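Reader: Before we discuss this protein, please show me the sequence and the structure, and be ready to justify each term that you apply to them.

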Amino acid sequence: MEIDGIIKTNTEQWFDNGELSEQYDLIRLAVNKMPEFSKDEVAKGTLMFTDFGRRLVTAILP
């Protein structure tokens with residue numbers, strides 16, 4: 001799934017061990033507390049920038 005052509009999601013892979021897994025779980029729990037999201041929407045997976053999203057961030061940030 002792509003969000004506004006800037007971010008894409010992949011539910012076929014996620015961090016499942018180590019420090020990154022702990023950070024992922026903390027972020028997931030925080031997002032699930034936001035009223036805009038339901039627990040079904042924020043599940044295991046990864047978020048990444050699309051090619052356009054990377055170019056956009058590079059152009060905006062110094």
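Author: With Asp 51 and Arg 54, I would start from their places in helix α2 (residues 51–60), where the two residues are three apart and are therefore separated by about one helical turn. This is a predicted model, in which local features need pLDDT of at least 70 and side-chain atom pairs count only at pLDDT 80 or more, whereas totals for chains, interfaces and linings use all residues. Residues are numbered from 1 along each chain as its sequence is written, and side-chain values use heavy atoms, with hydrogens and water left out.

Reader: What makes the pair Asp 51 and Arg 54 a salt bridge?

Author: The term requires a side-chain nitrogen of Lys or Arg within 4 Å of a carboxyl oxygen of Asp or Glu. The closest N and O atoms of Asp 51 and Arg 54 are 2.3 Å apart, and the pair therefore meets that limit. By this rule the count comes to one salt bridge.

Reader: How do you know whether Asp 51 is buried or exposed?

Author: Neither word applies, because buried means under 20% relative accessible area and exposed means over 50%, with partly exposed in between (1.4 Å probe, protein chains only). Asp 51 has a relative accessible area of 49% and is therefore partly exposed, and Arg 54, at 46%, also counts as partly exposed. Glu 2, which lies in strand β1, has 53% and is therefore called exposed.

Reader: Which elements does the protein have, and what makes a run of residues a helix or a strand?

Author: Helices (H or I, at least four residues) and strands (E, at least two) are DSSP runs, numbered from the N terminus. On that basis the protein has two helices and three strands, and from the N terminus on its elements run β-β-α-β-α.

Reader: Why are the strands said to form an open sheet with the order β1-β2-β3?

Author: Two strands pair if DSSP finds at least two bridges between them. Two bridges join β1 to β2, and this pair therefore satisfies the rule; four bridges join β2 (residues 7–10) to β3, and that pair therefore satisfies it as well. Both pairs run antiparallel, and the three strands make an open sheet whose edge strands, β1 (2–3) and β3 (46–49), each pair on one side only. Among the bridge partners, Ile 3 is matched with Ile 7 in β2, Ile 7 stands opposite Phe 49 in β3, and Lys 8 has Met 48 as its partner in β3. β1 and β2 also form a hairpin with three residues between them, and Asp 4 in the turn has a positive phi of about 55°.

Reader: How do you know that the length of helix α1 agrees with what is expected?

Author: The expected span is 1.5 Å times one less than the number of residues. For the 15 residues of α1 (residues 18–32) this should give 21 Å, and the end C-alpha atoms are 22 Å apart, which agrees.

Reader: Why are the buried residues of α1 said to line one face of the helix?

Author: The buried residues are Ser 21, Tyr 24 and Asn 32. Seen down the axis of α1, they fall within an arc of 60°, so they line one face, the arc being that of the directions from the helix axis to the C-beta atoms. The face turned away from this buried side carries the exposed residues Glu 19, Glu 22, Leu 26 and Ile 27.
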